[in-house]
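Got the viewer open? Here is a walk through the model, one selection at a time.

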Amino acid sequence: MRIAFLMAPEGVEQVELTEPWKAVKDAGHTPRLVSTTPGRIQAFNHLDKGDTFQVDQTVDETSAEEYGALVLPGGVANPDALRLDDDAVSLVKTFCETGKLVAAICHAPWTLIEADVVRGRRLTSWPSLETDLRNAGAHWVDEQAVVDEGTYTLVTSRKPDDLKAFNDTVVLQLGG
């Protein structure tokens, strides 16, 4: 199965990209880096620049139908930039509306809020997003990995320390 990893040109928390990427690849799936611009994205290790990664496809040339699932890595700047990009928000909304698996970690639920797809859903995030999520109609919980099955399956985790639980849960939901 092809898995879209959506991120802005810079600001993604590197480990929240690389570890889920490796987990889905090791489970036999094909991860693809989708971004709002072509070229390379700049990852960060907290506030320090990390590695750069090649974009496979831009948002404007991507459709949810091409993919079996969507992964939204965090980092503060990454989802903040994505939620300002209409095409990125529309793509996220389409993944949800078509019943695809969507996985988000750390600050990534900001993009889900912008896509208006969290109302009535149970999820977690970085603690500072709790009020934003509650105001958007979500039921926020403080747990390592949360699965909410509704019109689409949503997997969320709080932070990099939760990556093992997040990865295991995503792979399990993908059927592996």
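Before the first click, one term: two strands count as paired here if DSSP finds at least two bridges between them. Keep in mind, too, that this is a predicted model.

**Stop 1: a pair of strands**

Select strand β1 (residues 2–7) and strand β3 (residues 30–35). They run parallel to each other, joined over six bridges. For one of these partnerships, click Leu6: its bridge partner in β3 is Val34.

Now look to the other neighbor of β1. Strand β7 (69–72) also pairs with β1 in the parallel sense, this time over three bridges. Click Phe5 and you can trace its bridge to Val71 in β7.

Is β1 buried or exposed? Five of its six residues are buried, so the strand is largely enclosed by the rest of the structure.

**Stop 2: the whole sheet**

Add the remaining strands until you have the order β6-β3-β1-β7-β8-β12-β11. That makes an open sheet of seven strands with mixed pairing. Which strands sit at the edges? They are β6 and β11, each of which pairs on one side only.

Go to the β6 edge for a moment. β6 (57–58) pairs with β3 in the parallel sense over two bridges. Val34 turns up again here, with Gln57 as its bridge partner in β6.

While you have the strands on display, a tip for reading side chains: in a regular strand they alternate between the two faces of the sheet.

**Stop 3: two helices to look at**

Next, select helix α3 (residues 86–97). It lies across β1, β3, β7 and β8, and its direction makes an angle of about 135° with β7.

Then jump toward the end of the chain and select helix α6 (residues 163–173). Show its buried residues as sticks: Leu163, Ala165, Phe166, Asn167, Thr169, Val170 and Val171. What do they pack against? Their neighbors are α1, β8 (101–105), β11 (145–149) and β12 (153–157). Just past the helix, click Gly175, which takes a positive phi of about 95°.

**Stop 4: salt bridges**

How many salt bridges does the structure hold? There are eleven, and a few are worth a visit.

Start with Glu66 and Arg2, whose closest N and O atoms are 3.4 Å apart. This pair links distant parts of the chain: Glu66 is in the loop between β6 and β7, while Arg2 is in β1, 64 residues away. Glu66 counts as partly exposed at 31% relative accessibility, and Arg2 is partly exposed as well, with a relative accessible area of 32%.

For a local pair, go to helix α1 (residues 14–26) and select Asp26 and Lys22. Their side chains meet in a salt bridge of 2.6 Å, N to O. The two residues are four apart in the helix, so about one helical turn separates them. An α-helix has 3.6 residues a turn, so residues three or four places apart point the same way. Color by accessibility and you will find both Asp26 and Lys22 exposed.

You can see that spacing again in helix α5 (residues 130–135), where Arg134 and Glu130 are four residues, or about one helical turn, apart. Their closest N and O atoms are 3.0 Å apart in a salt bridge. Arg134 is partly exposed, with a relative accessible area of 40%, and Glu130 is partly exposed at 26%.

Last in this group, select Asp142, Arg158 and Asp162 together: they are linked in a network of salt bridges.

**Stop 5: zoom out**

Clear your selections and show the full chain. You are looking at six helices and twelve strands. The radius of gyration is 14 Å, close to the 16 Å that the globule rule gives for 176 residues, so the chain is as compact as a globular protein of that length. Its C-alpha atoms fill a box of roughly 35 × 35 × 30 Å along the principal axes.

Of the 176 residues, 52% count as buried. Among contacts with a separation of 6 or more, 63% come from residues 24 or more positions apart.

Finally, select residues 1–171. An unreviewed UniProt entry annotates this stretch as "domain: DJ-1/PfpI". In the model it is 30% helix and 32% strand, and its end C-alpha atoms lie 11 Å apart.

Conventions
Residues numbered from 1 in each chain as written. Predicted model: local features only at pLDDT ≥ 70, side-chain atom pairs only at ≥ 80, totals over all residues. Heavy atoms only, no water. Salt bridge = Lys/Arg side-chain N within 4 Å of Asp/Glu carboxyl O. Buried < 20%, exposed > 50% of the residue type's maximum accessible area, 1.4 Å probe, protein only. UniProt positions renumbered as here; feature names shortened; annotations may be inferred. Contact = heavy atoms within 4.5 Å. Axes fitted to C-alpha atoms, helices over the stretch in contact; angles between N-to-C directions. Rg over C-alpha atoms; globule rule 2.2 N^0.38 Å.
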